[in-house]
Amino acid sequence: MDVTPPLGLLAELTHRCPLHCPYCSNPLELVSRAAELSTSDWISVLSQARELGVLQVHMSGGEPLARPDLPSLVEHASSLGCYVNLVTSGLGLTEARLDDLVSRGLAHVQLSAQGATRERADLLAGAKAFDRKLAAAALVKESGLPLSLNVVLHRRNHDQLAAIIELAERMGADRLELANTQYYGWALRNREALMPTPAQLAAAEPVVRAAVSRLRGTMEIVYVVADYHEPYPKPCMYGWGARQLTVAPDGTVLPCPAASAISTLSLSNVRDTPLAEIWYSSSSFNAYRGEDWMAEPCRTCDRRGVDFGGCRCQAFLLTGDAAATDPVCSRSPQRSVVDLVLARPPESELVMRR
């Protein structure tokens with residue numbers, strides 16, 4: 001198949017984070033500070049990404065504000081002509097730091113929220129974070145930058161959905177991402193404690209629909225469904241290795257942010273191999289591009305160009321075979337794997353990310 005240049009780079013600058021969210025999709029074994037790419041390494045990655053065709057750089061983590069060289073990295077990416085987005089918890093974002101980042105070319109901030117009330121949000125974050133997030137949102141709005149609010153939904157906060165939307169309005173968010181939990185990393189470890197009930201999901205749909213209608217033209221709302229409960233799986237980011245790439249804190253280059261979950265995949269590192277070579281020629285990026293890798297029922301399915309067989313990482317985690325039809329799909333011969341997960345009794349305790 002013809003491979004086109006990537007549009008976006010998710011630069012995971014560090015796995016260090018002041019929060020301990022039990023739904024975190026980062027790996028159980030996080031990259032240590034000592035193993036992180038250096039400033040010069042990241043400068044090289046950003047330059048290579050732009051030469052490759054990348055136009056959007058999302059600086060994330062962990063918490064990217066934990067990197068003292070963040071201003072230099074923002075400035076370099078912006079000087080290359082990239083649109084730079086900061087994906088942050090908001091903790092550590094002061095007026096002075098934000099002013100500095102804006103002066104260096106920061107174009108957008110995506111802030112996370114865990115719940116609609118201080119008590120619930122701080123409980124889920126594992127830290128006293130709610131008030132600091134409100135302060136961070138106010139700083140972003142005062143700076144004139146567009147603000148996105150990302151909220152991961154699960155059994156422990158679905159009941160606050162209407163109040164979460166009101167919180168986004170109070171914060172002045174331009175975009176609200178309501179993303180039902182994707183079960184990788186710590187989220188997979190806590191799956192039985194996080195899985196929303198069918199009643200919660202049914203109640204959410206009219207709330208979201210009404211908010212989308214009411215706030216049209218004021219705030220964009222994106223709702224990511226809980227695909228374990230859906231008849232068809234979520235699309236794999238326009239297809240595996242199609243538009244985005246992720247560079248992990250240690251330089252590992254991923255076709256999608258969760259690809260490290262596929263233990264059978266041989267992943268390349270930007271310390272050893274140029275980014276363009278990884279994008280176009282590596283075995284990991286070419287493993288599930290296009291349709292040639294597909295087996296039945298995907299190979300002849302009329303939805304194969306819509307959902308691309310579903311999530312490769314999810315398929316591997318649920319079946320042990322990354323080339324299998326995503327078991328979330330009602331047409332999958334292994335759909336019973338998901339049905340068994342849904343039939344399990346919920347767990348009461350959450351294991352907080354360390």
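Serine 60 belongs to strand β2, which spans residues 56–60. The structure is a predicted model. The points below cover the setting of this serine and then strand β5, whose seven residues (147–153) are buried in seven of seven cases.

**Serine 60**
- Serine 60 has a relative accessible area of 10%, and because buried denotes a value under 20%, this residue counts as buried.
- Leaving aside residues up to four places away in sequence, the contacts of Serine 60 are Leu10, Ala11, Glu12, Leu13, Thr14 and Val87.

**Burial of strand β5**
- Since seven of the seven residues of β5 are buried, the strand is largely enclosed by the rest of the structure.
- In a regular strand, side chains alternate between the two faces of the sheet.
- Both faces of β5 are covered: one side carries Leu147, Leu149, Val151 and Leu153, all buried, and the other carries Ser148, Asn150 and Val152, likewise all buried.

**Strand neighbours of β5**
- Strand β4, residues 108–113, pairs with β5 in the parallel sense through five bridges.
- Within this pairing, leucine 111 has leucine 149 of β5 as its bridge partner.
- Strand β6, residues 175–180, runs parallel to β5 and is joined to it by six bridges.
- Valine 151 stands opposite leucine 178 of β6.
- Leu149 and Val151 are both among the buried residues listed on one side of β5.

**Connection from β5 to β6**
- Helix α6, residues 161–171, forms a β-α-β unit together with β5 and β6.
- The handedness of this unit is right-handed.

Key: Residues are numbered from 1 along each chain as its sequence is written. This is a predicted model: local features need pLDDT of at least 70, side-chain atom pairs count only at pLDDT 80 or more; totals for chains, interfaces and linings use all residues. Side-chain values use heavy atoms; hydrogens and water are left out. Helices (H or I, at least four residues) and strands (E, at least two) are DSSP runs, numbered from the N terminus. Buried means under 20% relative accessible area, exposed over 50%, partly exposed in between (1.4 Å probe, protein chains only). Contact means heavy atoms within 4.5 Å. Two strands pair if DSSP finds at least two bridges between them. A crossover is right-handed if, with the strands pointing away from the viewer, the path from the first strand over the helix to the second runs clockwise.
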